[in-house]
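Trainee: I have a model open and I'd like a close look at a single part. Could you take me through the surroundings of the ligand and the elements that connect to them?

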Amino acid sequence: MDLFDVVVIGAGAAGMMCAIEAGKRGRSVLVVDHAAKPGEKIRISGGGRCNFTNLNASPQNFISGNPSFCISALRRYTQRDFIALVERYGIAYHEKTVGQLFCDGPSTQIVNLLLAEMRLHGVVLRLSTSVESVERIGDGFQITLSTGTVTCRSLVVASGGKSIPKMGATGFGYDLADRFGLKVTETRPALVPLTLEPGMLERMTPLAGVSVDAVVASGKTRFSEAMLFTHRGLSGPAILQISSYWREGGEITVSMVPQVNVFEELRAARSRNGRQALQTALAALLPKRLAQLIAESEPGPANLADCSDKYLRRVEAAVNQWRFKPAGSEGYRTAEVTLGGVDTHELDSRTMEAKRVPGLYFVGEVVDVTGWLGGYNFQWAWSSGWCAGQVA
Ligand code: FDA
């Protein structure tokens with residue numbers, strides 16, 4: 001039987017960061033993962049360029065049953081700390097929209113950085129290794145792996161969420177928490193495209209591929225980013241962001257040209273050129289296919305000159321106050337993250353250790369802390385992993 005100070009389950013962003021930090025403290029550390037390669041989600045992230053953090057990351061960018069839980073970890077290991085590590089490895093990066101930092105080259109540079117740090121600090125990595133059972137033995141743990149049995153003083157669960165099951169995502173961490181009597185909040189796919197009712201989808205089919213810079217709102221929450229019409233429904237950053245707040249049966253409001261007073265623009269077009277068709281006037285504000293669909297969905301007079309103010313108001317509402325109820329979401333198959341997870345009330349916010357099970361830690365996405373789109377989820381993985389690595 002192998003003895004380790006720390007066993008980390010999951011060679012993702014959070015698990016590898018935790019292992020590095022524990023290794024730095026001279027702990028013997030084993031990281032196990034059932035996947036054949038480490039950091040697969042890092043590799044596919046950010047369209048292959050890994051949006052590894054956000055310059056403006058702060059607790060306001062996270063959703064959790066306990067919004068103040070993430071404050072301590074985000075303060076102790078900040079985006080600047082991770083940027084310094086990236087710079088130390090000479091990885092070139094650039095800022096995209098609003099503080100989002102991406103690698104100039106492939107995301108694998110971040111995976112290689114983490115692997116190099118693990119090697120430097122003596123961390124043992126076992127891939128293609130599944131966990132068969134976990135037992136509490138005294139004040140440590142005995143873990144039966146497909147490759148043999150190991151024992152450890154500290155067990156760190158970094159097994160991520162349920163999103164992209166095709167890549168090996170499982171509910172393992174939630175089940176383990178449950179087995180140790182820890183509460184797990186309801187989980188659901190987040191940062192996920194939304195689907196439409198069949199009738200509406202059929203009407204919108206011609207719009208697949210059209211994108212607008214929209215303001216998308218659900219209740220009091222709103223995001224101002226690109227929205228994309230797809231063959232299945234709606235996607236793009238604005239929709240992914242709002243999907244984390246939307247609930248089944250709820251309404252979404254979209255403003256497709258939020259900076260424009262559509263009513264005034266249409267009135268001006270009417271006085272300039274009364275013989276113009278509504279669709280043509282709308283095409284000056286919106287992509288042509290979208291202008292056409294909106295004009296068709298609000299049937300009215302052939303010429304602008306014959307359009308009443310009341311009618312133009314209706315058109316304005318269709319453009320800048322489009323309300324609809326999504327049919328659902330594309331689910332875990334395409335969701336970037338899982339909302340919910342191990343209840344933060346069960347964990348110490350400084351160390352990520354389970355208050356009722358000393359020696360057991362949960363880090364990264366498996367915890368009920370979910371970031372917005374834009375590098376926040378990796379920052380949570382780095383920060384929470386780092387915190388556990390200081391004590392595990
Ligand atoms: P992560 O899921 O990375 O790692 C968990 C590991 O545990 C995996 O290697 C898995 O194989 C392993 N595992 C699971 N069950 C196991 C078991 N039973 N036994 C052994 N091993 C097990 N975020 C961001 O900030 N910027 C971005 O650009 C993107 N882009 C992005 C794109 C796509 C397509 C997705 C799906 C997600 C993103 N994200 C993102 C989100 C980000 O990838 C995610 O939040 C982090 O990877 C979470 O890191 P963790 O280490 O917690 O889990």
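Mentor: Here is a walk from the ligand outwards, through the helices and strands that follow on from there. Keep in mind that this is a predicted model.

Let's start with the shell. There are 37 residues around the ligand, and the ones that come nearest are G10, G12, S45, G160 and G364. By class, the shell splits into 16 nonpolar, 16 polar and five charged residues. Three helices each put in at least two residues: α1 (13–24), α2 (40–44) and α13 (376–389). The largest share comes from α13, with four residues.

Now look at how two of those helices sit together. The axes of α1 and α13 come within 7 Å of each other and cross at roughly 30°. An angle under 35 degrees counts as roughly parallel, so that is what we call α1 relative to α13. As for handedness, α1 and α13 make a right-handed crossing. From α1, the contact takes in A13, A14, G15, M17, C18, I20, E21 and A22. On the α13 side you'll find F378, A381, W382, S384, G385, W386, A388 and G389. Sorted by class, this contact of α1 with α13 has eleven nonpolar, four polar and one charged residues.

Next, the strands. Strand β1 (residues 2–9) runs parallel to strand β10 (residues 148–157), and seven bridges join them. If you want one pair to click on, V6 has S154 of β10 as its bridge partner. β10 also runs parallel to strand β20 (residues 360–362), this time with three bridges. There, V156 is partnered by Y361 in β20. With strand β9 (residues 140–145), β10 pairs in the antiparallel sense through five bridges. β9 and β10 form a hairpin, with two residues between them, and T144 stands opposite T149 of β10.

There is another sheet to look at as well. It is an open one made of three strands in the order β3-β6-β5, with antiparallel pairing. β3 (51–54) and β5 (93–95) are its edge strands, each pairing on one side only. On average, neighbouring strands here are turned by 25° against each other, ignoring direction. Three bridges hold the antiparallel pairing of β5 with strand β6 (residues 100–103), and H94 is opposite F102 in β6. Helix α4 (residues 79–88) lies across β3, β5 and β6, and runs at about 140° to β3.

To finish, set a second helix pair beside the α1 and α13 one. Helix α9 (residues 262–272) packs with helix α12 (residues 309–320) at an angle of about 135°, and their axes are 8 Å apart. That angle makes α9 oblique to α12. Here too the crossing of α9 past α12 is right-handed. α9 brings V262, F263, L266 and R267 to the contact, while α12 brings L312, R313, V315, E316, V319 and N320. The contact of α9 with α12 divides into six nonpolar, one polar and three charged residues.

How values were computed
Residues are numbered from 1 along each chain as its sequence is written. This is a predicted model: local features need pLDDT of at least 70, side-chain atom pairs count only at pLDDT 80 or more; totals for chains, interfaces and linings use all residues. Axes are lines fitted to C-alpha atoms, for helices over the stretch in contact, and angles run from 0 to 180 degrees between N-to-C directions. Angles under 35 degrees count as roughly parallel, over 145 as roughly antiparallel, 65 to 115 as roughly perpendicular and the rest as oblique. A crossing is left-handed if the near helix is turned anticlockwise from the far one by less than a right angle, and right-handed if clockwise. Two residues are in contact if their C-beta atoms, placed from the backbone, lie within 7 Å. Ala, Val, Leu, Ile, Met, Phe, Trp, Tyr, Cys and Pro count as nonpolar, Asp, Glu, Lys and Arg as charged, and the others, Gly among them, as polar. A residue is near a molecule or strand if its C-beta atom, placed from the backbone, lies within 6 Å of it. Two strands pair if DSSP finds at least two bridges between them.
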